[in-house]
Amino acid sequence: MRIGIDLGGTKIEAVAMDGGDILYRQRTPTPRDNYSSILRSIADLVGRVETALGKTGSVGVGTPGAASAVDGRMKNCNTTCLNGQALQRDLEALMQRPLRLANDANCFALSEAVDGAAQSASSVFGVIIGTGVGGGLVFSKQLHVGANAIGGEWGHNLMPGADEGRQCYCGRRDCIETYLSGAGLLQSYQRNQGCAENVQGVVADAEAGSERARAQLDDYCEKLARALASVINTVDPEAIVLGGGLSNIPLLYTRVPELWGRWVFSDQCRTQLLAARYGDSSGVRGAAWLW
């Protein structure tokens, strides 16, 4: 039995899997600003899963950041109380067992590559476009972490063609995330006198016939195509799988592949752009697949 934990900003989710089948699922709110409470919540979730099923399992944890290759301490976490903490060491000490940890976007990519939308592809780039912008790389169903534990972190490259000077939480300006996240799309729309309060509102305006909203979604598709073209030119994956809230916009799957050929260094682009098979469950499933 494999147990997966998805350590999110608002909830911690646990699943138990047998093969690709989910046997049990449990969630608890994330105590965002209390590191010790997060440790106890994870241990408690695992205990509840194993008690319910009457057996123990391997445990993989998807995290909102990554472990430093220098000292193993967490970095780049938007749940900021995790940064600088030896999360794996502390969890293993508390639970008295070995664990495997990976970035949540890496877990998403692994899930979709192992038995999800891209299971037939030998090289997969998994993309999260939602509150933030993340990514993960999987080759032959094996996660690529990288020498600096930042494999797939395309969201903090410079947005091609950007010049607005948008401030990113990472300290840099005009990162891809500042344009392609939900907040980035909404900011662009509002700068163009759009009145929506969230991404769903932008999509609704477009569906209602707003030319301004339609133009904004076209602009978003172009920016996404440019950014993904840089990934294709570097990695040349067989498949790119989209997850996160913005992946639910149907237009992306037709328009972006029509556009990215302008920037892909090839006479044709055979890379497939796919919607995630498991949606919001991919992260926790991928954590289980770390074993």
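Q: What makes the approach of the Arg166 side chain to the backbone oxygen of Gly184 a polar contact?
A: In this predicted model, the side chain of Arg166 reaches the backbone oxygen of Gly184 at 3.2 Å, and a polar contact is a pair of N or O atoms within 3.5 Å, one able to donate a hydrogen and the other to accept it. The side chain of Arg166 also makes a polar contact with the side chain of Glu164, at 2.8 Å.

Q: Why is Arg166 called buried or exposed?
A: Arg166, which is found in the loop between strand E10 (142–144) and H4, has a relative accessible area of 4%. Buried means under 20%, and therefore Arg166 is called buried.

Q: Why is Ser122 placed in its accessibility class?
A: Ser122, in the loop between H3 and E8, has a relative accessibility of 36%. Because buried means under 20% and exposed means over 50%, with partly exposed in between, Ser122 counts as partly exposed.

Q: How do you know that the span of helix H7 agrees with its number of residues?
A: Helix H7 covers residues 211–235, which is 25 residues, and the expected span is 1.5 Å times one less than the number of residues. That gives 36 Å for H7, and because its end C-alpha atoms are 36 Å apart, the two values agree.

Q: What is found at the two ends of H7?
A: At the N-terminal end, Ser210 caps H7, with a side-chain oxygen 3.4 Å from the backbone nitrogen of Arg212. Just after H7, Asp236 takes a positive phi of about 55°.

Q: What makes up the largest nonpolar core, and which helix gives the most to this core?
A: The largest nonpolar core has 40 residues, and those with the most contacts inside it are Trp154, Leu228, Ile240, Leu252, Val256 and Trp260. Among the elements that each supply at least two residues of this core are strand E8 (123–129), helix H4 (177–180) and helix H8 (251–260), while H7 gives the most, with 11 residues.

Q: What is known of the largest pocket, and which residues are closest to its centre?
A: The largest pocket has a volume of about 1500 Å³. Of the 49 residues that line this pocket, the closest to its centre are Asn78, Asp104, Ile128, Thr131 and Gly132. Elements that each supply at least two residues of the lining include strand E1 (2–7), helix H3 (104–114) and strand E9 (133–139).

Q: How do the residues of this lining divide into nonpolar, polar and charged?
A: The lining of the largest pocket divides into 18 nonpolar, 23 polar and 8 charged residues. Gly counts as polar and Asp as charged in this scheme.

Note on methods. Residues are numbered from 1 along each chain as its sequence is written. This is a predicted model: local features need pLDDT of at least 70, side-chain atom pairs count only at pLDDT 80 or more; totals for chains, interfaces and linings use all residues. Side-chain values use heavy atoms; hydrogens and water are left out. Helices (H or I, at least four residues) and strands (E, at least two) are DSSP runs, numbered from the N terminus. On a 1 Å grid over the protein atoms alone, a cavity is a set of points where a 1.4 Å probe fits but cannot get out, and a pocket is an open set with protein on both sides within 12 Å along at least five of seven lines; lining residues have an atom within 4 Å of a point. Grid points are joined across faces, edges and corners, and a volume is the space filled by probe spheres set on the points. A nonpolar core is a set of buried Ala, Val, Leu, Ile, Met, Phe, Trp, Tyr and Cys residues joined through side-chain atoms within 4.5 Å. Buried means under 20% relative accessible area, exposed over 50%, partly exposed in between (1.4 Å probe, protein chains only).
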